[in-house]
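Okay, everyone, thanks for squeezing in. Let me put the structure up and talk you through a few corners of it.

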Amino acid sequence: MSAIAIAKPGSRVMRQASPTVRLRLMGSFGLVAALLSACASPERMPDASAPPAAAAASRELSIFSINDFHGHIQPKSPTPLMPRLPDPQTGEIKPQPAGGVAYLADAMQKLRAPRQHSVFVAAGDLIGASPQLSSLLKDEPTLTALGELGLVATALGNHELDAGLPELMRKARGECPSSGCAWPEFKGPGFPYLAANLLDAATGKAMLPSHVIKDVGGYKVAFVGAVTRDTPLVVVPRAITGLRFADEADTLNALVPQLRAEGAQILVAVMHEGATQTGGANDPSYVCPGIQGRGVDIAQRLDPAYALIISGHTHQAYTCKINGRLLVQAGSYGGWVTESRLTLDTQGKVLDAQAVNHPVLQSAYQPNPAFVALVQRAAALTAAVRTKPVATLSQGAQRSARAPFGDGPLGNLVADSQLAYAKKRGSADIALMNPGGIRADLTVESGRPVTMSDLFAIQPFANELVVMSISGAQLQELLLRQLPKGDAPARLLQISSSLRYQWTHGSDGQPLLLDVQVDGKALDPQRNYRVVVNNFMADGGDGLSVLRQGKDRVPLGVDIDAMVEWLSENPVAAMAQIESGRIRKQ
């Protein structure tokens, strides 16, 4: 990609540009630019007013990035993200609406305008697990919109494989079936998916391009992509049959000689794998105390030739340095944009590296009209399904669990709905739900019933429910295996009201399972229990290999149908029993 030049309103470039391009180039920077400058505190960014001699010997590149967008083109219902930040008007720290592709478009315009040399990339999961506004149209409006934003490349994410690699490649090439595309006049995104470590299991041949080289500010910059090697743990097996996922660091390291031979001066790793940390979205020190996870391990093993690591997958916003090198991530759902600024000498050597996560607050930006029109068009095409009312509720439910409890209200509601659904169709004792399958809170607005769109935002995968038999001993093993070791964060299976247990850590840091009860009785290791799970879990997803041993399997139907039935038939009773306390840590 050549250096970005921002045209001024009324210039020849603006007069000749298409309406969409003109909208992307136009905009005033006044109050919004000032607010965002405040977010990126002065010590975070290099001084742009360098002396003439230094300016002649160095140049800055800004690499903007997002990750885990998951089709969140809509500004609300559900609101993509609600980060806790200072209110631009009052300074009060509170949750604020962020994201929506029309706001993201305005943010990208204003953030890139003052940067002479910039480029925009992504770290995967741009589609998949999307709200109905996008998913009902096969995520084609999302890919169209991101292409219009000027995205030049993205790493492959695991959720982009939910419907299989052939379907992803159809979309990437802009191809339509004989019946036509879901999004009228769909032409594809115009940017490539990169995954150096996605291989044909039989031949070892790479299935996607490993990298692209773009000219940015006169430098040849290689963006090298990788998908998490743990994809088999988080995608249904049938979607990745015949594929192998190699180690990310080993694969990217092996490519360095080839990249140099192709003339790449600056190497940027763009990977759909990341880290977790407890700090804020921006750490002025870049130390990020407590940061951990596979993203850190990869960063420690990655060849020093890579100047920057753009990560994803963990849905966290952070700007950190591992052994002096930037490791960044932009949260999720388009609620943040990371700007990584590299100061380079004439040969491409990194003299300085700084980064900041810019919040895409809806209060700080004006929605771009062209992208507002795109979202409205998608809304009109999907309205009949999305707006179908399900139930009127007096309260919502949050996904998060609060210590000492390991269960959250929404997880309890989902598990209860699945157990009730199974009991109406046969025998069932317990329902278990993987927390990663719950993608949004249940939000209730006064005077408006909960709709299909609201529920689909919570469970967007359309997984098949399965009831199976496992022994009490197997259930105990399953529960023990999912407990966190040491100070690792807890992401516990959410459970129906029929199951309750306590747990603790032993003196050696290993978890101990205590007092497991089913329907008020102690768990019997010899008895068989009928357990309801979704097909992802049933196939061993999220490392739940014990469930592959389940017997007498019976398919029940789609998970979203269970939630619809439970809430429509029992709205008061359903919400009355979802308080936390089924899982307690001693």
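A bit of vocabulary before I point at anything: a crossing is left-handed if the near helix is turned anticlockwise from the far one by less than a right angle, and right-handed if clockwise. Helices (H or I, at least four residues) and strands (E, at least two) are DSSP runs, numbered from the N terminus. What you see is a predicted model, where local features need pLDDT of at least 70 and side-chain atom pairs count only at pLDDT 80 or more, while totals for chains, interfaces and linings use all residues. Residues are numbered from 1 along each chain as its sequence is written, and side-chain values use heavy atoms, with hydrogens and water left out.

So, first, a helix pair. The axes of α5 (residues 101–112) and α13 (residues 369–386) come within 8 Å and cross at roughly 160°. Axes here are lines fitted to C-alpha atoms, for helices over the stretch in contact, and angles run from 0 to 180 degrees between N-to-C directions. That makes α5 roughly antiparallel to α13; the bins are under 35 degrees for roughly parallel, over 145 for roughly antiparallel, 65 to 115 for roughly perpendicular, and oblique for the rest. The crossing of α5 past α13 is right-handed. On the α5 side the contact is made by Val-101, Ala-102 and Ala-105, and on the α13 side by Phe-371, Val-372 and Val-375. Contact, by the way, means heavy atoms within 4.5 Å. And the usual reminder: an α-helix has 3.6 residues a turn, so residues three or four places apart point the same way.

Now the sheet. In what order do the five strands of the open sheet come? Reading across, you get β21-β18-β25-β20-β26, with mixed pairing. On the edges sit β21 (494–495) and β26 (551–558), each pairing on one side only. Two strands pair if DSSP finds at least two bridges between them. Strands β18 (430–433) and β25 (528–534) run parallel and are joined by two bridges, with Ile-430 standing opposite Val-531 in β25. Then there's β20, which pairs antiparallel with β25 over seven bridges and antiparallel with β26 over five. If you want registers, Ser-469 has Arg-530 in β25 as its bridge partner, and Glu-464 has Val-558 in β26.

Why call β20 largely enclosed by the rest of the structure? Because seven of its eight residues are buried. Buried means under 20% relative accessible area, exposed over 50%, partly exposed in between, using a 1.4 Å probe and protein chains only.

What lies across β20 and β26? That's helix α18 (residues 559–569), running at about 65° to β26. In α18, Asp-559, Ile-560, Ala-562, Met-563, Glu-565, Trp-566 and Leu-567 are buried. The cover over those buried residues includes β17 (389–391), α14, α15 (452–458), β20, β26 and α19 (571–576). Helix α14 (residues 409–423) has an axis that comes within 8 Å of the α18 axis, crossing at roughly 90°, so α14 and α18 are roughly perpendicular. Among the residues that meet there are Leu-413 and Tyr-421 from α14, and Met-563 and Trp-566 from α18.

Last bit: polar side chains, which I know this crowd likes. A polar contact is a pair of N or O atoms within 3.5 Å; within protein, one must be able to donate a hydrogen and the other to accept it, and residues adjacent in sequence count only if both atoms are side-chain atoms.

Start with His-70, in the loop between β1 (58–66) and β2 (84–86). Buried or exposed? His-70 counts as buried, because its relative accessibility is 0%. Its side chain reaches the backbone oxygen of Gly-128 at 2.7 Å and makes a polar contact with the side chain of Arg-439 at 3.3 Å. Leaving aside neighbours within four places in sequence, His-70 also has contacts including His-159, His-315 and Tyr-333.

Asn-197 is in the loop between β6 (193–194) and β7 (198–200), and at 0% relative accessibility it counts as buried. A polar atom of the Asn-197 side chain lies 2.9 Å from the backbone oxygen of Ala-246.

And to finish, Gln-354 in strand β16 (residues 350–359): at 10% relative accessibility, Gln-354 counts as buried, and its side chain makes a polar contact with that of Asp-352 at 3.0 Å.
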